[in-house]
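Me: I am new to this structure and would like a close look at a single part of it, with the surroundings filled in afterwards. Please take your time and explain each term as you go.

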Amino acid sequence: MNTTHDELNDVAARAKRRFPDHRVDVPFRVCLPVYELRLKVTEIAEDELSTPARFVLQLSNLKVTQPAEIGRMLGMSQNYVAGAAAELLGENLVTQSPGAGIGITDPGRQVLRDRGRTRRPRNKHIRVPYDPLSRRILDTDVQRLLDRDEVRKDGLFIPSTKPRRPRLGNVRIDQVRDYERFYGRQRDRVEILEISDIKDVRLKYRNDVILVKLDAVNSDKSLFAAFQAQQYLEEESAYLQRLADSGIDLVPDDLKADQFTDWIRPQAFSQEESSLLQEIDDLDQEVTDADRAVAEARATQGTTQDEKERSDLEAQIKTLESEKLQLEQLLEERESKLTSITEGQIRLIKTEEHRQLLMTAIGNASAELTLVSAWIDPYAFDDEVCRLLAAAIGRGVHVRIAWGLGVRKRGAEASRNREKGNAVLSRLRDLIPRDLRDHLTTKIAETHEKFIVCDHNFCAWGSFNWLSYRGERDSGYRRETSSYSERLDDIGLWKARADELFG
C-alpha cells in the first residue's frame, strides 16, 4: 500500500493535535504483526433436509408411520427409508415407537412450514486475524494481511514488537462471532456456539498503520502514536510506547535524520490529560479482567477434590480479590486526579455509558447535533432513537449523520449494511415533517471514526459505534471506550473534522 505525503501530513497533524506538548519528528508506515488463527468452532447453521428425509417427514405428518408403507408410497427401498428416518431422528423431527413406526414432532412440523429448512450444529474451521498488541480479534479482512515475503518485497518496515502467540483462552468468542458475522460466508445464517481449538497459527502483517514519532519539548523523551487512517489506535500505541521505553528501536534507519514541520493546530488534550485517560482506560480493563478472574476462580470451588486443593484455591481467591481492590483504588485515584486538573470537563466514557450519553445529546441539542458512526444497525438506531431525533429536528435542531464505511463496495455484506442503513434513515425521514426534512443531513463517508458533537456543549470520540451498537451488558458485550470533553477547543476541533466530512 503506497503512502502519499498528504496522508502522512494529515496523520502528523492529528498526532500534534492529540499531543500538543510534543513536536512531530517523523510519521512513517509500519507493518505490525497479526496472527492468522485457524479455529475449530461449533456453529448452528441453517441447512436443508435431504429430499428423501423431506418426503418421509411429509408422509409422517399425514399419519403414514410404518417404514414399509412409506417405502411403497415413495418407491424407495428400506435402506433409503431407514437413512431418511435416521436423519430425522437425529434432528428430533420425528420419534420412533417400539413397533418401528415414526411420528412427527412439533419441530418437524415447523421444518415443514419452513419448506425443509432446519438448523443443525456442525464443526467448522474458520480463519480470523488476532492482534497480539491489543490482544483482540481485528476488524479487518484476513485476506488483506501480508506474508513476510510480501513485506520484504515491498521494502516495508517491521518494528521489533516480539509478538506473543495466543492461547485458546485469549480468543474471545464474542469477538469471533462479530468477525464471522461481518467477514464470514453465510453470515446471517450461522451462530457460533463454541471455540474448541486453535488448529494453526501463522504470523502475518497489517500494513494500514502509520506510526508517528513525537519529541517532548525540553526533554529527550519520545512518544509514539499509532494511527489507522483517521483513527488513533490507543491500545497499540500504549504497547509500542512500552517497547520504546524498554529500548526497542521503532524507527527505520533511513528516516532518523528526517523531520516534519512543527504543526500548529487547535489545542487538544495536554500530555498529562492524555496520559491520565490512557491510565484510566488501562486500569478499567485490568479491573474488569481481575473481576473475571475472581469469578472464574469462585466457579471452580465446587470442583475441588481435597482439603489442600480447597485451601490453595481459597488463598488464590483472596490474592485475586486483594489485587482487584488495589486496582479499583488506583483507578479511583486517577479518575479523581483527572477530574481535578480538568475541572470535570474531561472523562472516559465506558461501554455501557454510551447509549445514555447518545440519548442525552439528542434530547438536549438545541442547534446542531453531529453523529458519526462507521455503521448503522436497527438494533441500536431503533424506533426510540428515530423518535427522539425527529423530535429534535421538530424543535429546530440541524442533525448531521455520517456513516457507511465500506457500503459502496461490491458484495453481499456491503449490500446488507447499505440496505440496513438506508432503511433506518428512510424510517427517520418519514417521522420528520416535510418542511423540516432539510434539517437532516446524511452522508455515506468512508471513515472509521466514531464521534458525536452536541452544540457547543460537549463532544465524544473513540472506538464506540454510536449507531450500530448499544453497549449493553449482554452476550454480545464488547469493551469500547470514548473520550468525553466539554472544552470549547476540543469541541471546535471535532466540529472542524465534521465539516470536512460533510463538505
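Reply:

**A hairpin and its surroundings**

Strands S13 and S14 make up a hairpin that has 3 residues between them, and Asp455, placed in the turn, has a positive phi of about 50°. Helices and strands here are DSSP runs numbered from the N terminus, a helix being H or I with at least four residues and a strand being E with at least two. Two strands are said to pair if DSSP finds at least two bridges between them. The model is a predicted one, in which local features need pLDDT of at least 70 and side-chain atom pairs count only at pLDDT 80 or more, while totals for chains, interfaces and linings use all residues. Residues are numbered from 1 along each chain as its sequence is written, and side-chain values use heavy atoms, with hydrogens and water left out.

Strand S13 covers residues 451-454, and both of its faces are covered, since Phe451 and Val453 on one side and Ile452 and Cys454 on the other are all buried. Buried means under 20% relative accessible area, exposed means over 50%, and partly exposed lies in between, with a 1.4 Å probe and protein chains only. In a regular strand the side chains alternate between the two faces of the sheet.

On one side of the pairing, S13 is joined by 4 bridges to strand S14 (residues 458-462), and the two run antiparallel; in this pair Cys454 stands opposite Phe458. S13 also pairs with S10 in the antiparallel sense, again over 4 bridges, and here Cys454 has Leu369 standing opposite.

Strand S10 (368-372) is followed by a loop that leads to helix H12 (383-394), and Phe381 is found in that loop. Phe381 counts as buried, because its relative accessibility is 0%. Its C-alpha atom is separated by 30 Å from that of Asp208, the two residues being 173 apart along the chain.

S10 also takes part in a charged contact, for Glu368 forms a salt bridge with Arg400, with the closest N and O atoms 3.7 Å apart. This pair links distant parts of the chain, as Arg400 belongs to strand S11 (residues 398-403) and Glu368 to S10, 32 residues apart. A salt bridge is a side-chain nitrogen of Lys or Arg within 4 Å of a carboxyl oxygen of Asp or Glu. Arg400 is buried at a relative accessible area of 7%, whereas Glu368 is partly exposed at 21%. Elsewhere, salt bridges that share partners join Arg136, Arg206, Asp208, Glu235 and Glu236 into one network.

By the salt-bridge rule the count comes to 36. One of them joins the side chains of Lys337 and Glu272, at 3.9 Å from N to O. Lys337 lies in helix H10 and Glu272 in helix H9 (residues 271-299), so this pair ties together parts that are 65 residues apart in sequence. Lys337 counts as partly exposed at 40% relative accessibility, and Glu272 counts as partly exposed at 42%. Another salt bridge brings Arg292 and Asp289 together, the closest N and O atoms being 3.1 Å apart. These two residues are 3 apart in helix H9, so they are separated by about one helical turn. Arg292 is partly exposed at a relative accessible area of 38%, and Asp289 is partly exposed at 33%.

A second hairpin can be set beside the one described at the start. Strand S7 (residues 222-228) is mostly covered, with 7 of its 7 residues buried. Ser222, Phe224, Ala226 and Gln228 point one way from S7, while Leu223, Ala225 and Phe227 point the other way. S7 pairs with strand S8 (residues 231-232) in the antiparallel sense over 2 bridges, and Gln228 has Gln231 of S8 as its bridge partner. In the hairpin that S7 and S8 form, there are 2 residues between the strands, and Ala229 takes a positive phi near 55°.

Finally, the chain as a whole gives these parts their setting. It has 14 helices and 15 strands, and its C-alpha trace spans about 90 × 70 × 55 Å along the principal axes. Of the 503 residues in the chain, buried ones make up 48%.
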